[in-house]
Amino acid sequence: MRLRDDQDVRWSVRRRWLPWRRRTSVPDWGPDFDGISLGDDPISAIIGIVLVILMLPVLVLALVVGLEFLLLLALLPVWVVVRVLFGAPWIVVVRRDGSVVHEEAVRGWRASADRIEAIGAALAGGRGLDAVRTSVPR
């Protein structure tokens, strides 16, 4: 659930599907950077080759991020089955302007959906994060 409160702050309240978050990211070099232009003259070609060599760590990082994503995609069905069969709690995550400000574990799909709705209503009603933290179900 995504919402904005009365002070125009962006909030997001969702379940975390896996027990961890991705830690790596690939830098954004901008829309005009193609990374492969070597130029028409020898000096530009040398500069281009040096830049390609310097870009190798970024390419390796992109490969690692891609492999991590494939691993997460492969483990997602297994983790959902573990949650359903063994009752592992869903993690409800509250984000304010993109950064995590609150997490809580809630057992059961329906209970976590109800908790997401309750947190969203509290935030949309302008009660803020303190109301969310004090109303944690036991």
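Below, a colleague asks a modeller how the terms used for this predicted structure are justified.

Colleague: What should I know about the model before we start?

Modeller: It's a predicted model, where local features need pLDDT of at least 70 and side-chain atom pairs count only at pLDDT 80 or more, while totals for chains, interfaces and linings use all residues. Residues are numbered from 1 along each chain as its sequence is written, and side-chain values use heavy atoms, with hydrogens and water left out.

Colleague: How many helices and strands does the protein have, and what makes a run count as one?

Modeller: There are three helices and four strands, in the order β-β-α-β-β-α-α along the sequence. They are DSSP runs numbered from the N terminus: H or I over at least four residues for a helix, E over at least two for a strand.

Colleague: How do you know that E1 and E2 pair?

Modeller: Strands pair if DSSP finds at least two bridges between them. E1 (residues 2-4) and E2 have three, in the antiparallel sense, so they meet the rule. Leu 3 stands opposite Trp 11 in E2. In the hairpin of these two strands, with five residues between them, Asp 8 has a positive phi near 65 degrees. E2 and E3 are antiparallel too, over six bridges, and Val 13 has Val 94 in E3 as its bridge partner.

Colleague: Why is E2 called largely enclosed?

Modeller: Because five of its seven residues are buried. Buried means under 20% relative accessible area, exposed over 50%, and partly exposed in between, using a 1.4 Å probe and protein chains only. For the protein, buried residues make up 25% of the 138 residues.

Colleague: What makes a set of residues a nonpolar core, and which have the most contacts inside the largest one?

Modeller: The members must be buried Ala, Val, Leu, Ile, Met, Phe, Trp, Tyr or Cys, joined through side-chain atoms within 4.5 Å. The largest has 13 residues, and those with the most contacts inside it are Trp 11, Val 13, Val 92, Val 94, Ile 119, Leu 123 and Val 132. Strand E2 (10-16), strand E3 (90-96), helix H2 (109-124) and helix H3 (128-134) each give two or more residues to this core, and H2 gives the most, with four.

Colleague: Why is Arg 115 called buried?

Modeller: Its relative accessible area is 7%, which is under the 20% limit, so the label fits. Arg 115 lies in helix H2, and a polar contact of 2.6 Å joins its side chain to that of Glu 104. A polar contact is a pair of N or O atoms within 3.5 Å; within protein, one must be able to donate a hydrogen and the other to accept it, and residues adjacent in sequence count only if both atoms are side-chain atoms.

Colleague: What makes Trp 90 and Trp 109 an edge-to-face pair?

Modeller: Rings of Phe, Tyr and Trp (its six-membered ring) pair if their centres lie within 6.5 Å; planes under 30 degrees apart are stacked, over 60 edge-to-face, and the rest tilted. These two are 5.2 Å centre to centre with 75 degrees between the planes, so both conditions are met. Trp 90 is in strand E3 and Trp 109 in helix H2, so the pair ties together parts 19 residues apart in sequence. At 5% relative accessibility, Trp 90 counts as buried, while Trp 109, at 43%, counts as partly exposed.

Colleague: How do you know that Arg 15 sits over the ring of Trp 109?

Modeller: The rule wants NZ of Lys or CZ of Arg within 6 Å of the ring centre and within 35 degrees of the ring normal. The charged end of Arg 15 is 3.6 Å from the centre of the Trp 109 ring and sits over it. Arg 83 lies over the face of Trp 90, at 4.4 Å from the ring centre.
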